[in-house]
Amino acid sequence: MPSFDEVLKEAGEFGRFQKRVFFLLSQTGITFSSLFASVVFLGRAPGNFWCRIPGAAELSERCGWTLEEERNFTVLPLLLGNESVPGQCERLDVTWDASASCSSALGRSGNGSAGSPPLAPCHGHWVYEQPRSSIVSEYDLVCGNAWMLDLSQAILNLGFLAGAFILGYAADRYGRILIYLLSCLGVGICGIIVAFSPNFTLFLIFRFLQGMFGKGTWMTCYVIVTEIVGSDQRMVGIVIQIFFTLGIIILPGIAYMIPTWQGIQLAISLPNFLFLLYYWVVPESPRWLLTRKKGEKALKIMRSIAKHNGKFLSPHYSEITISNEEVSNPSFLDLVRTPQMRRNTLILMYAWFTSALIYQGLVMRLGIIGGNLYLDFFISGAVELPSAFLILVTMDRIGRRLPFAMGNIVASVACLITAFLPEDIPWLKTTVATLGRLSITIAFEVVYLVNSELYPTTLRNFGVSLCSSLCDLGGIIAPFLLFRLAAIWLELPLVIFSILAAVCGLLVLLLPETKGISLPETVEDVEQL
């Protein structure tokens with residue numbers, strides 16, 4: 001009886017069938033990255049807004065005022081009385097004189113004080129002067145509520161974290177394609193509810209759920225792709241990252257064409273329903289079927305793959321051999337029970353955490369250069385494209401470990417140099433910081449591939465999901481680490497990033513090289529790497 005890898009070679013390791021499945025599943029990267037970065041456009045800051053005095057709307061309607069005229073009567077007196085108050089988070093503490101003429105309707109102050117105009121905090125009476133809506137203007141996430149916009153992104157990352165554990169476990173127990181399809185359905189439904197949420201609480205609940213299902217689609221499609229190709233073709237795990245970057249590049253175009261945040265939210269959510277059509281064209285992973293003692297189904301799928309690739313399996317094949325390793329429901333203890341698995345797991349968890357923390361930290365630090373949000377965001381995504389091509393050129397020649405380590409080391413050096421460059425040469429600081437971002441992006445993309453290659457089939461989806469959950473933890477911590485340390489010394493975050501990346505670059509050298517090696521089927525295979 002042949003092994004799975006022997007049957008795969010005979011059926012075609014990357015033939016027409018695998019290319020079709022790869023292309024179809026890669027589209028998930030576009031929708032997932034759009035969800036990941038959508039807060040930039042969903043939560044765009046309002047250009048100009050001001051606080052409306054209670055009762056002003058009714059009087060404005062009676063007097064036939066335009067918004068500009070109403071602002072002149074309500075906000076300009078505030079500006080004249082106190083130039084340091086912009087009139088956004090505070091308002092005049094006055095009452096309207098309903099019997100007065102429309103040209104002098106501003107009446108007594110609320111506290112009866114004389115002199116400078118009395119002030120009162122604004123509570124839910126903001127007027128936004130902008131052509132495009134956002135969740136900021138929809139739910140009044142300004143002034144004292146501004147932190148809630150950060151909360152919305154943290155909630156999304158918590159959803160990613162929950163999806164890594166819950167759906168990663170489910171994919172190893174119930175099947176890759178089943179969980180992928182259910183996750184696509186969940187992303188679409190939750191995305192629609194988010195777009196029409198009547199209040200911010202409901203918005204947060206379903207944004208969390210959309211993040212959870214979104215992580216399920218991304219991680220599961222990645223595992224399926226790596227499990228149906230041969231050991232020499234697993235670079236598709238890097239190529240699929242290009243589609244993630246394409247989503248980053250496409251998103252500003254979508255946001256530019258659609259003026260409302262609800263429209264943007266629907267545009268990035270509804271395509272997930274199209275992925276449900278994959279039920280008829282993407283089969284279950286044969287590797288997973290073998291681990292669940294479903295050899296007949298696995299062999300049937302392999303014959304179908306061979307047929308699509310223009311090849312034929314030997315008619316004498318009646319079963320594909322697998323290890324006698326007992327199949328059980330995966331748990332964290334399975335990832336740390338043996339020496340090599342324990343070492344791999346701990347190093348990979350740290351690598352995921354470090355890559356995400358530094359990547360997001362550098363993106364936030366560079367910020368948006370210039371005044372064109374759409375163009376600047378497009379360029380920031382295009383900067384990441386060379387990383388995938390550099391990996392494709394090097395990894396098949398020199399392996400996985402060296403690019404993995406060098407990506408972290410170069411990022412470490414770039415961060416350290418940037419921290420101590422003088423401020424009077426900003427172009428050089430920006431260039432070196434961009435080199436650091438490119439390098440950490442390389443490390444970020446390599447960890448996806450290495451992670452999937454260092455776990456056996458019985459634990460692969462769970463292992464990748466668990467380790468990558470540290471990525472979501474890093475994403476949650478990054479803004480707090482960046483802004484709190486920057487308050488002490490502006491360049492202190494870069495020094496911390498440099499130390500974290502240097503340690504990671506050294507640790508990944510302890511991982512085994514997986515270039516040209518068949519995917520391990522059992523824990524024993526991993527221990528022998």
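**Aromatic pairs and helix packing in the predicted model**

Both Trp-352 and Phe-444 are buried, and in this predicted model the two residues belong to a set of aromatic contacts that is described below together with the packing of two helices and the surroundings of two individual residues. The chain folds into 24 helices and six strands, and of its 529 residues 55% count as buried. Among contacts between residues at least 6 apart in sequence, 81% join residues that are at least 24 apart. The exposed surface of the chain comes to about 22400 Å², of which carbon and sulfur atoms supply 66%.

A pair of aromatic rings is described by the distance of the centres and the angle of the planes. The count of aromatic pairs in the model comes to 19. One of them joins Phe-41 and Tyr-374, whose ring centres are 5.7 Å apart and whose planes lie at 15 degrees, so this pair is stacked, the angle being under 30 degrees. Because Phe-41 lies in helix H3 (residues 39–42) and Tyr-374 in helix H18 (residues 373–382), the pair ties together parts of the chain that are 333 residues apart in sequence. Phe-41 counts as buried, with a relative accessibility of 0%, and Tyr-374 is likewise buried, its relative accessible area being 17% and therefore under the 20% cut-off.

The pair formed by Trp-352 and Phe-444 has ring centres 6.2 Å apart and planes at 80 degrees, so it is edge-to-face, the angle being over 60 degrees. Trp-352 is placed in helix H17 (residues 339–366) and Phe-444 in helix H21 (residues 426–453), so that parts 92 residues apart in sequence are tied together by this pair. Elsewhere, ring pairs link Phe-32, Phe-36, Phe-160, Trp-218 and Phe-244 into a cluster.

Two packed helices are described by the angle between their axes and the distance between the axes. Helix H10 (residues 200–227) packs with H21 at an angle of about 65 degrees, the axes being 11 Å apart, and the crossing of these two helices is right-handed. On the H10 side the contact is made by Trp-218, Met-219, Tyr-222 and Thr-226, which meet Tyr-448, Leu-449 and Ser-452 of H21. By class, this contact of H10 with H21 comprises five nonpolar and two polar residues, with no charged residue. Trp-218 thus appears both in the contact with H21 and in the aromatic cluster.

Two further positions illustrate the surroundings of single residues. Ser-38 is found in the loop between helix H2 (16–37) and H3, and with a relative accessibility of 0% it counts as buried. When its neighbours within four places in sequence are left aside, Ser-38 is in contact with Arg-207, Leu-251 and Ile-268.

Val-127 is found in strand E6 (residues 126–128) and is buried, with a relative accessible area of 8%. The C-alpha atom of Val-127 is separated by 5.5 Å from that of Phe-49, although the two residues are 78 residues apart along the chain. Phe-49 is also among the residues that Val-127 touches once those up to four places away in sequence are not counted, the others being Asn-48, Trp-50, Arg-52 and Leu-67.

Conventions. Residues numbered from 1 in each chain as written. Predicted model: local features only at pLDDT ≥ 70, side-chain atom pairs only at ≥ 80, totals over all residues. Heavy atoms only, no water. Phe/Tyr/Trp six-rings, centres within 6.5 Å; stacked < 30°, edge-to-face > 60°. Helix = DSSP H or I, 4+ residues; strand = E, 2+ residues; numbered from the N terminus. Buried < 20%, exposed > 50% of the residue type's maximum accessible area, 1.4 Å probe, protein only. Axes fitted to C-alpha atoms, helices over the stretch in contact; angles between N-to-C directions. Left-handed = near helix turned anticlockwise from the far one by under 90°. Contact = heavy atoms within 4.5 Å. Nonpolar A, V, L, I, M, F, W, Y, C, P; charged D, E, K, R; others polar. Areas by Shrake-Rupley, 256 points an atom, 1.4 Å probe, with all protein chains shown as cover.
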